[in-house]
Amino acid sequence: MASTADADHVTFIVTGIHEAHQQDKQRERDKAEAERAARQQALLAIGIPSCWS
């Protein structure tokens with residue numbers, strides 16, 4: 001952040017926090033999906049079909 005204006009700093013912080021929150025939410029969704037897929041694969045590997053795809 002090269003600006004010396006306080007307003008630019010505040011905007012950067014507020015925007016950065018919002019973007020980080022959105023990234024966290026996306027990571028949580030991605031992790032949950034990966035865990036579901038892994039459980040489904042494990043069930044299939046031991047011969048139990050999954051009905052909650």
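D24 and R27 both belong to helix α1, where three residues, about one turn of the helix, separate them. An α-helix has 3.6 residues a turn, so residues three or four places apart point the same way. The side chains of D24 and R27 meet in a salt bridge, with 2.9 Å from N to O. The model described here is a predicted one.

**Salt bridges along the helix**

Two salt bridges are present in the structure. Besides the pair D24 and R27, the side chains of E33 and R36 form a salt bridge, at 3.0 Å from N to O. E33 and R36 are likewise placed in helix α1, three residues apart, or about one turn of the helix. The table sets the two pairs side by side.

| Salt bridge | N to O distance | Place |
|---|---|---|
| D24 and R27 | 2.9 Å | helix α1, three residues apart |
| E33 and R36 | 3.0 Å | helix α1, three residues apart |

The contact between the side chains of D24 and R27 also counts as a polar contact, at 2.9 Å. D24 has a relative accessible area of 38% and is therefore partly exposed. In the second pair, E33 is partly exposed because its relative accessibility is 43%. Its partner R36 has a relative accessible area of 41%, so R36 is partly exposed as well. The class of partly exposed residues runs between the limits of 20% and 50% relative accessible area.

**The helix and the chain**

The chain contains one helix and zero strands. Helix α1 covers residues 6-45, and F12 is found within it. The helix has 40 residues, and the distance from its first C-alpha to its last is 58 Å, close to the 58 Å expected at 1.5 Å a residue. After α1 comes G47, which has a positive phi, near 90°.

The overall dimensions of the chain can be described in two ways. Along the principal axes, the C-alpha atoms fill a box of roughly 65 × 15 × 5 Å. The radius of gyration of the chain is 21 Å, whereas a compact globule of 53 residues would have a value near 10 Å.

**Surface and exposure**

How much of the chain is made up of buried residues? Buried residues account for 0% of the 53 residues in the chain. The accessible surface of the chain is about 4700 Å², and carbon and sulfur atoms contribute 60% of that surface.

A nonpolar patch lies on the surface and is formed by F12, I13 and I17. Together these residues have about 340 Å² of accessible area. Why is F12 counted as exposed? The relative accessibility of F12 is 54%, and residues over 50% relative accessible area are classed as exposed. D24, by contrast, lies in helix α1 and is partly exposed, at 38% relative accessible area.

Technical notes
Residues numbered from 1 in each chain as written. Predicted model: local features only at pLDDT ≥ 70, side-chain atom pairs only at ≥ 80, totals over all residues. Heavy atoms only, no water. Patch = residues over 30% accessible without salt bridge, like charges linked within 9 Å, V, L, I, M, F, W, Y side chains within 5 Å. Areas by Shrake-Rupley, 256 points an atom, 1.4 Å probe, with all protein chains shown as cover. Salt bridge = Lys/Arg side-chain N within 4 Å of Asp/Glu carboxyl O. Helix = DSSP H or I, 4+ residues; strand = E, 2+ residues; numbered from the N terminus. Buried < 20%, exposed > 50% of the residue type's maximum accessible area, 1.4 Å probe, protein only. Polar contact = N/O pair within 3.5 Å; in protein donor to acceptor, adjacent residues only side chain to side chain. Expected span 1.5 Å × (residues − 1). Rg over C-alpha atoms; globule rule 2.2 N^0.38 Å.
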